[in-house]
Amino acid sequence: MFLIIVGCFVLPSLAAQVPLSLSPDLIPPLESVTVSTIAQPYNSASPLDSDSLEFSPWQLDEPPPADETGHFVFETVNSLLQHWPNTRYRNGHTMVPGVIPKGTLLYHGAANATIPTVPEWTATDPEHSTIFCRGSPDTGCWHLTLAATRPLKVLYFDGTSAANTINGTLDTQDIIAWGELRPDWRFNEDERIEDLCKWGAQYAVDGYVRMEMDFEVMLCDFTAGMEVVSWSHLASLIEPVSTVPRIPNFFLLRMFEVMQAGSWHNRYPGDTRIKLDLAGIVSLYDTTLVPSLISSRDGQERCDHGIGAISAADIKAVRRTVSRKLERDQGDTSGIDWKTLFRVIVERYSERFDLMDYLLNSENNTTVDQALKVQVQLRVMLTPYIFHSTAPPSASYDSSNSWATPVFKACGTTHTSSIVSYISSLNPSERLLLNAVQETTREICRVITKMWVSSVLAGLDAYIPRDSTPDAAQIVRLMDSWRQELSALMKWLDWSVWVRCRPACGPEEMCYLPTWPINVPRGRRPHRPPHRQYESSGVINTSHPDSLPITHELLMQLPSAQDDDWRKPQPKCIRRVAPYGF
């Protein structure tokens, strides 16, 4: 009865998957669709030109080339406007045009009652802007709330792109603003925003989106496409002398609240107030656009990636490409929902890989039980691609396991084969996205197919029985091999969804990654000139901790991060209520 019910649901669902361009009368019967018909090889498009380049042969023992970058592009796209992954990898490589929709609120804290008449910074959350609302308890401070009266055209820089470090966090902005890398100008924020706005004026850019403790918008003109919602004279955030018991270290409370506001955008979908146009993405992981960076990544972990080795010619190419993206007609797109495509792939595999990793390293089951549970996960993932005729040869030895090639191909092309069929309609940015999906899913499917093949040959797949049963030593070797293969795949993918506090934090805690400006190693806190808004205010500029007056050394009271903790931040639980600590 169960099989009959399942059949009633499966057959209609298969019919629903038929391409819309085919009429039912032209659909061949399922029996006549052969494996070779379903599992056709596909063509990989390079990001910028060919629509006929083929991937390397579909060999299960052939890993991706060491200089391949599609998986970096993939995880970057999957992480855009999310605080957590862009805290892990501070040095951004990507610029994406976008819009801030009409009606969106932006916030600006000030030391006086004057609305800015020059480019200035706004926050997407008031917890962020109010720390710039400066004034004594006697004078109070000023806080501006703005609303967009039309869509605002913006350019987004990924990474922790508002951090004034010497490590490369500002590099993508600098090549746009000045046509060169200027780490010595890392604190020249006034010049940076002014020159970015001058450069973007020819493309009608209203502002630039960056991230530090939270997201911010560098707004070029407070009167263009904006209206004042409120211009409030607020009570000062500086505590007056009082006998009333207070929360210890009021400064840390305010800093924590900014960090917490940023954490609201930690995971997908990130900060939804900025709508990015992925069909205009420009990535410095695009090896066709920026070949000068290929060798600089040799042997490096992603946390060490930067663009310091970029050539002058490639800088010109990047600036030229970003200009074209900002000039392009918004209709210059295939209409593919790239954001959802990337998300579908992450959702399909991320939790299952996490479970498999747990099962492979669990001590709660016997080795055979562990192997069988992992094998079930492999079989489930590959079920849509295991054909009726799929089976290893019974008589001959097949060292390449070519009998499983159709499974590998079908799995690796399922998300992209229809897109490849009309690749000529994709613009260069979309071809980059397609290539990222192809390279990423190909490696995922190569590894899980290889693992499944070994389970079949070991006699663990109940649907493809073998003549002999595996002995204990064989199972142990199989499990060791699986651990290595899955671990290598997850390390290669490096999805931030797997980076979290384990065990989970308690009710009075939140999971936190060491970030700018709190956790900058003390030896890397050089002095800087004050930001113009606070040149004479004598107050703390929290965005630039290195400029603290001698009477305000609160940041210096915090434990200094070790270089390794800063270079490769690891999640930890911190308190959401006093006593605070980072």
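Leaving aside neighbours within four places in sequence, with which residues is N78 in contact? In this predicted model, the residues in question are R343 and V346. N78 itself belongs to helix α3, which covers residues 70–79. Its relative accessibility is 9%, and N78 therefore counts as buried, the limit being under 20%.

The interior of the structure can be approached through its nonpolar cores. In soluble globular proteins, nonpolar side chains tend to be buried together. Here the largest nonpolar core holds 84 residues, and the members that touch the most others are W338, Y349, F353, W452 and W482. The element that gives the most to this core is helix α14 (residues 428–457), with 13 residues. A second core, separate from the largest one, has 29 residues, M95, W121, F157 and I315 among them.

W452 merits a closer look. When residues up to four places away in sequence are not counted, W452 touches Q375, L378, R379, L382, I386, T390, W403, V407, D461 and I464. Several of these names return in helix α11, where the buried residues are Q370, A371, V374, Q375, Q377, L378, R379, M381 and L382. The buried residues of α11 pack against four helices: α10 (338–361), α12 (405–413), α14 and α15 (472–493). The length of α11 can also be checked. Helix α11 runs over residues 367–382, and because each residue should add 1.5 Å, its 16 residues should span 22 Å; the C-alpha atoms at its ends are 23 Å apart, in agreement with that value.

Attention now turns to a loop. G280 is placed between β9 (275–276) and β10 (282–283). With a relative accessible area of 0%, G280 is buried. Residues up to four places away in sequence aside, G280 touches M95, P97, K325, R328 and S429. One of these contacts, M95, is included in the second core. The C-alpha atom of G280 is also separated by 9.4 Å from that of T321, a residue 41 residues apart from G280 along the chain.

Empty space remains to be considered. Rolling a probe the size of a water molecule over the atoms shows where empty space is left. Across the whole structure, two cavities of 30 Å³ or more are found. The second largest encloses about 90 Å³. Its lining consists of H83, W84, T87, M259, S263, N266, M510, C511, Y512, L513 and T515. Two or more lining residues come from each of α4 (83–88), α8 (250–263) and β11 (509–512). By character, the lining of this second largest cavity divides into six nonpolar and five polar residues, with no charged ones.

Technical notes: Residues numbered from 1 in each chain as written. Predicted model: local features only at pLDDT ≥ 70, side-chain atom pairs only at ≥ 80, totals over all residues. Heavy atoms only, no water. Core = buried A, V, L, I, M, F, W, Y, C linked by side-chain atoms within 4.5 Å. Buried < 20%, exposed > 50% of the residue type's maximum accessible area, 1.4 Å probe, protein only. Contact = heavy atoms within 4.5 Å. Expected span 1.5 Å × (residues − 1). 1 Å grid on protein atoms, 1.4 Å probe; cavity = no way out; pocket = protein on both sides within 12 Å on 5 of 7 lines; lining within 4 Å. Points joined across faces, edges and corners; volume = space filled by probe spheres on them. Nonpolar A, V, L, I, M, F, W, Y, C, P; charged D, E, K, R; others polar.
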